[in-house]
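User: I'm new to reading protein models and would like some help. Could we go through this one feature by feature?

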Amino acid sequence: MIKISLNGEQLSFDEAPTLAQLIESQNIPLYFIAVERNGELVEGDPKKCVLEDGDTLEIARFVGGG
């Protein structure tokens, strides 16, 4: 069982998801977001970022305005 914290909420998975799978499971669009994993900004393809048990993620959405 893989346990991950996402924006303070504990989530469990049977298998380690990729970052893209996690974002999709939470219905968060893959664009206009920034992801921090264990205190570091995630860069690159979220489909290639395999999450690990105990990871702590923070996702921020960019909102435009004037």
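Analyst: Sure! Keep in mind that this is a predicted model. Let's start with exposure: Asn27 has a relative accessible area of 69%, and anything over 50% counts as exposed, so Asn27 is exposed.

User: Where does Asn27 sit in the chain?

Analyst: Look at the loop between α1 and β3, and you'll find Asn27 there. Asn27 also has a positive phi of about 55 degrees, although it is not a glycine.

User: What is the usual sign of phi, positive or negative?

Analyst: Here's the general idea: most residues other than glycine have a negative phi. That makes Asn27 worth a look, with its positive phi of about 55 degrees. Asn7 is another case, with a positive phi of about 50 degrees, and it is not a glycine either.

User: Where is Asn7, and how exposed is it?

Analyst: Asn7 is in the loop between β1 and β2. Its relative accessible area is 42%, so Asn7 counts as partly exposed. The two strands form a hairpin with two residues between them.

User: Which other hairpin has a turn residue with a positive phi?

Analyst: That would be the hairpin of β3 and β4, again with two residues between the strands. In its turn, Asn38 has a positive phi of about 50 degrees.

User: How do strands hold on to each other in a sheet?

Analyst: In general, strands of a sheet pair through backbone hydrogen bonds, either parallel or antiparallel. In this model, five strands form an open sheet, and the order is β2-β1-β5-β3-β4 with mixed pairing.

User: Which strands are at the edges?

Analyst: Those are β2 (9–13) and β4, each of which pairs on one side only.

User: How many bridges join the antiparallel pairs β1 and β2, β3 and β5, and β3 and β4?

Analyst: Let's take them one by one. β1 and β2 pair over five bridges in the antiparallel sense, and Ile4 has Leu11 in β2 as its bridge partner. β3 and β5 also run antiparallel, joined by five bridges; there, Ile33 is partnered by Arg61 in β5. β3 and β4 are antiparallel over two bridges, and Arg37 stands opposite Glu40 in β4.

User: How should I read the side chains along a strand?

Analyst: In a regular strand, the side chains alternate between the two faces of the sheet. You can follow this along β3: Ile33, Val35 and Arg37 point to one face and are buried. Ala34 and Glu36 point to the other face and are not buried.

User: Arg37 has turned up more than once now. What makes it count as buried?

Analyst: Its relative accessibility is 19%, and the cut-off for buried is under 20%, so Arg37 counts as buried.

User: What does Arg37 pair with through its charge?

Analyst: The general idea is that side chains of opposite charge can pair when their charged atoms come close. Here Arg37 forms a salt bridge with Asp55, and their closest N and O atoms are 2.9 Å apart. Asp55 lies in the loop between β4 (40–41) and β5 (56–61), while Arg37 is in strand β3 (residues 33–37), so the pair ties together parts that are 18 residues apart in sequence. Both residues are buried, and a search of the whole structure finds one salt bridge.

User: Which residues touch Arg37, once its neighbours within four places in sequence are left aside?

Analyst: Among them are Val42, Cys49, Val50, Leu51 and Asp55. Ser5 is in contact with Asp55 as well, and also with Gln10, Thr56 and Leu57, leaving aside its neighbours within four places in sequence. Ser5 is in strand β1 (residues 2–6), and its relative accessibility of 11% is why Ser5 counts as buried.

User: Last one: which residues make a nonpolar patch on the surface?

Analyst: Tyr31, Phe32 and Phe62 make a patch of about 420 Å². To find Tyr31, go to the loop between α1 (19–25) and β3. With a relative accessible area of 56%, Tyr31 is exposed.

Notes: Residues are numbered from 1 along each chain as its sequence is written. This is a predicted model: local features need pLDDT of at least 70, side-chain atom pairs count only at pLDDT 80 or more; totals for chains, interfaces and linings use all residues. Side-chain values use heavy atoms; hydrogens and water are left out. A salt bridge is a side-chain nitrogen of Lys or Arg within 4 Å of a carboxyl oxygen of Asp or Glu. Helices (H or I, at least four residues) and strands (E, at least two) are DSSP runs, numbered from the N terminus. Buried means under 20% relative accessible area, exposed over 50%, partly exposed in between (1.4 Å probe, protein chains only). Contact means heavy atoms within 4.5 Å. Two strands pair if DSSP finds at least two bridges between them. Patches are made of residues with over 30% relative accessible area and no salt bridge: like charges are joined within 9 Å, nonpolar side chains (Val, Leu, Ile, Met, Phe, Trp, Tyr) within 5 Å. Accessible areas come from the Shrake-Rupley method with a 1.4 Å probe; for residues, only the protein chains shown count as cover.
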